[in-house]
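This report describes a protein model for a reader who is new to structural analysis. Please keep the sequence and the structure in view while reading.

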Amino acid sequence: MIVEDAICSFCGCLCDDINVEVEEGKIKRVRHACRLGSSKILGHDRIKAPMIRRGGELCMVGYQEAYDRAAEILLRAQKPLLYGWASTVCEAQKKGILLAEEVGGVLDSTATVCHGPSVIGIEEKGLPGATLGQVKNRADTIVFWGCNPAEAHPRHSLRYSSNVCGRFTPEGRAGRTIVVVDVRETRTSKTADKTVIIQPGTDYEVISALRMLVAGKGDGVPDEVGGVPKAELDGLAKTLLAARFGAVFFGLGITHSRGRYKNIDNALSLVAELNSHTKFVIMPMRGHYNVGGIGQVLAWSSGFPMSVDFTRNAPYFNPGETAACDLLAKADTDAAMIIAADAASSFPRAAVEALAKIPVIQIDPYENPTTLISEVVIPSAIAGVEAEGTAYRMDGMALRMRKLVDTSYPSDEEILSHILESVHRLQRGLER
Amino acid sequence: MIIKGGIVYDPANGIFGEEMDLCVDEGRMAEDGKGEVIDARGLLVMPGGVDAHSHIAGTKVNTGRIMRPDDARLGIEPRSGVCRPCTGYTVPNCYAIGYRYARMGYTTAFEAATPIIEARHTHEELEEIPILDKGALTLFGNNWEVMECVRDKDIGKLAAYVAWGLRSARGYGVKIVNPGGGEAWGFGSNVKGPNDPVPNFDVTGAEIICGLAQANEMLRLPHSIHLHFNNLGKPGNYTTALETLELLKDIKPSRMRQVVHVAHMQFSAYGGTSWRDFESKAPVIADYFNSHNHATMDLGQLLFGSATTMTADAPLEYGNARLTHNKWSNHDIELEESSGVVPMVYFRKMLVNAVQWAIGLELALLTRDPWKVLMTTDHPNGSPFINYPEVITLLMSKPKRDAEMATLHEQLPKRTSLGGIERELDWTEIAIMTRAAPARILGLVDKGHFGPGADADISIYNLRPEEIDPSRDHALVKKALAAAKYTIKSGIVVSQEGQILAAPQGRTFWVDAAVPQADMDRLMVDLQEKFEKYYSVRLSNYAVQDAYVPHPKVIRAGIQMEVA
């Protein structure tokens, strides 16, 4: 059997043209996907059964026991952290928010160590964006700033940006000017028309210089900014102004370098100002396939897109205080549920050490470093492969992930529903 | 359920403040009822409120939330009882939308603008809104396929596309926003009016509007086209409004309703040549509505204080952002639309804002037939919907209007006729403008009235219409309207004295229109090419799946096929 137009559950591109060959309930071959996507869809060794740590060792248990233990940990905690959510579907995220409300926890997503600064920048300035198809059909100038799609989003250029042909871009790559701004040569920069190498940590200054040049106030720009000669920056500003439709894509090179959300704030301002001269849009290159989704679901459920504290029965949002790493750094959380993300691999060392000191519940299809510090491990179906549901592409486009094969594993949504039931049962017991 | 002794306003059935009992059986109005008795002796009873134009779900609403944590903090209510936690004032979270409408006695609200390709998101949010019945209008005014069908004068294919688009979006009706301007914005420009050609498409906004109106009537859709004019929000734009309305006066409606519903008329009733000599042209617009029967409007009333402007009119939002130096979100949508979101504050002492405030009220008071005017704030563009009691009391009380005007910019009386208007609306007119008319204009046959079989959506207020004088006692009226004594949705008491007692799941209305297979076949050839070459998603992943509309109410419409 071949499943056509399946949606890839690897990165924020959500490529929806994947053909998957299924034989006897197993995925045999994946066509059209990039290597990263294929390997995600083909899968690898799974956690076999739920486990609970006893005497230092993880021991296999039944699902119900694991659900009950997870519920107990969450209820007993003063301020549990429910973290992750990027690699699962919105249906699970909705249940997770309900669970955070029920147990009075803090819910945060992987955005906190990824495009969280972008979200804060957007809170300051708004987001002048577009869908990816708009870039495909119209963009003649594309800037990749602090991102390397050739390696992180391999089909981005083929489907949406540099190399694709559209209605007003019939020549594809030949009709486009591609600019890369980064601190080093990358695979993306190798095929660019113009590469601007800046000194690490100078994004803010370079963007400021471009804003001055675009606004016709270049007289005040020093001879060199961020290690880039003024003449080169002036050339870049002219390229931006010459665009008929320009698009800026940015990545972690700018969100997590010096300046963080201020860099994004500045980049958003640059794009807003470019719109007084021509047409320009800007977009973060979201990493995990549905990290966009948790931001959307949280916003319509709680009013805030990340780092939401439900411990006072009403949503409270204060990144720096309620973000996962801040909570851990200050030992301000006493239990954690890590779902659809690998905190132990992506958090700073001090945060991981803090995590290792509190009870951790892991919900994931795969064993990973977080498993090593978990007290309860609940294996799940792979969302977007074994379970259907909604995901939001990097441009905010909602798509429905298909189920490609059956599984005996429960979905994230089912697991969370069971934990909620256990929580309710325990709460009733406490009331008695 | 029996509701005893209320003073009932059911203008659709010719009942104008009569003391009578109402009966409910299985969620519908009935001749007899049993069980629970609600004592409404002497109290004001109306059908549940219906909002025909409100931005309550979808990408731009959520963009407003994401860019405005400041707004979320304005409306925090902790979770309690059956209620999930609430946040937000101009951009409330989904739960707040359901509870706050219900507290005011509203039971139905329609999202005003959704692109087909992003309708999945809209339905995710609609389904998360408790209590209300709802639907979403679908955007067609800047759509490539629409413009090409119009250019080729192929109304059969256009009708097929509208039917296909509504089905794909699970949408309720045809929304047109700044036709042609959204496409032009794709390269950063706009159209100057309905007769300005759309770049690259060889059509005008006027042709798009007329083509879609014809297709709408060919398909016998329950609602008419729902139109946001070109040049909205600009001084002198009343001429654009009149010119556009004239285009549509000879189109025959396929049902007993208008041919065009004008969205938020207030934003298109502007005189002057610039903000300097800006003035109200509401009297001219009202005259037009008084002398023509093909059009209806909603007010888009503006109130002072915080708002969030959000619209598919993206160039307008860019203008707002440049004007106010406020933060700006923009979202262009491939092959279909553009859109934008900008926070806004309206000031009493700013003459332009004061004139805008007056225009909405003038429109409602100078248009003689209340069936042509809906009370809205174009939530959250003019003001959030929770301020409806303020608008209603302004319409019912000349003294309140005078007192308010005295606090506004001193030049205001020279720019508006409002001060000279004596009319004060009565409860019948309010019941029409907030219940009966929006239901009729949308084509919702079971809403907005108490006839047998109608949905048992009922609001009962702590007001004695036979004793109270809304002109004098406007403060009491406002308080009572803000928290109904009872709100009943499909026969269930959902709110009592401002407290939410139950949060049942409402339904989502959408329209499934039949078209001849030959037209659909011709259409699919076009669409396959568009998906192959231009869209960034596959045709097979495009339409909203049934999973997103688990509580549907499907309205059938379409072209009647002749039996061979």
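The report below treats the chains, a shared sheet, several strands, one helix and some backbone features in turn.

## The model and its chains

The structure is a predicted model. Chain A is divided into domain 1, which covers 47-113 + 289-431, and domain 2, which covers 116-284. The centres of domain 1 and domain 2 of chain A, taken over C-alpha atoms, are separated by 34 Å. Between these domains of chain A, 10 residues of domain 1 are in contact with nine residues of domain 2. On the side of domain 1 of chain A that touches domain 2, seven residues are nonpolar, two are polar and one is charged.

The two chains also touch each other: 45 residues of chain B are in contact with 52 residues of chain A. On the chain B side, the elements that give two or more residues are α1 (59-67), α2 (69-72), α4 (119-128) and β16 of chain B. This side of chain B has 17 nonpolar, 15 polar and 13 charged residues.

## A sheet with strands from both chains

Which strands form the open sheet of four, and in what order? The order is β8(A)-β16(B)-β17(B)-β15(B), and the pairing is mixed. Strands β8 (128-130) of chain A and β15 (305-311) of chain B stand at the edges; each has a single partner strand, so one side of each is left without a neighbour in the sheet. From one strand to the next, the twist averages 25 degrees.

The link between the chains in this sheet is the pair β8(A) and β16(B), which run parallel and are joined by three bridges. Within this pair, Pro128(A) stands opposite Asn330(B). Strand β16 (residues 329-332) of chain B pairs with strand β17 (residues 340-346) of chain B in the antiparallel sense, over two bridges. Here Ser329(B) has Val341(B) as its bridge partner in β17(B).

Strand β17 of chain B also holds Met344(B). This residue counts as buried because it has 21 C-beta neighbours inside 10 Å, and the cut-off for a buried residue is 20 or more. Leaving aside residues up to four places away in sequence, Met344(B) touches Ala307(B), Thr308(B), Thr309(B), Asn320(B) and Thr324(B). By contrast, Met344(B) and Lys400(B) are 56 residues apart in sequence and 25 Å apart in space, C-alpha to C-alpha.

## Covered strands in chain B

Strand β6 (residues 49-54) of chain B is joined to β7(B) by four bridges, and the two run parallel. In this pair, Gly49(B) stands opposite Tyr106(B). Strand β7 (residues 106-114) of chain B is in turn joined to β8(B) by five bridges, again in parallel. The bridge partner of Ala109(B) in β8(B) is Lys134(B), while that of Glu111(B) is Ala136(B).

Are these strands buried or exposed? Strand β7(B) is mostly covered, with nine of its nine residues buried. Strand β8 (residues 133-139) of chain B is mostly covered as well, with seven of its seven residues buried. On one side of β8(B) lie Asp133(B), Gly135(B), Leu137(B) and Leu139(B), and on the other lie Lys134(B), Ala136(B) and Thr138(B), so that both faces are covered.

## An enclosed helix in chain A

Helix α3 (residues 90-103) of chain A has 14 residues, which at 1.5 Å a residue should span 20 Å; its end C-alpha atoms are 20 Å apart, which agrees. Because 12 of the 14 residues of α3(A) are buried, the helix is largely enclosed by the rest of the structure. Among the buried residues are Cys90(A), Ile97(A), Leu99(A) and Val103(A), together with charged ones including Glu91(A) and Lys94(A). Just after α3(A), Gly104(A) takes a positive phi of about 65 degrees.

## Notable backbone angles

Most residues other than glycine have a negative phi, and most peptide bonds are trans. The table lists places that depart from this pattern.

| Residue | Angle | Place |
|---|---|---|
| Leu14(A) | phi near 45 degrees | loop between β1 (2-6) and β2 (18-23) of chain A |
| Ser307(A) | phi of about 50 degrees | loop between α13 (291-302) and β16 (308-309) of chain A |
| Pro380(B) | omega near -5 degrees, cis bond from His379(B) | loop between β18 (373-374) and α13 (388-396) of chain B |

Leu14(A) counts as buried, with 29 C-beta neighbours inside 10 Å. Ser307(A) also counts as buried, with 28 such neighbours.

Terms used. Residues numbered from 1 in each chain as written. Chains lettered and ligands numbered in written order. Predicted model: local features only at pLDDT ≥ 70, side-chain atom pairs only at ≥ 80, totals over all residues. Pairing = 2+ DSSP bridges. Axes fitted to C-alpha atoms, helices over the stretch in contact; angles between N-to-C directions. Contact = placed C-beta atoms within 7 Å. Expected span 1.5 Å × (residues − 1). Domains from an automatic or database assignment.
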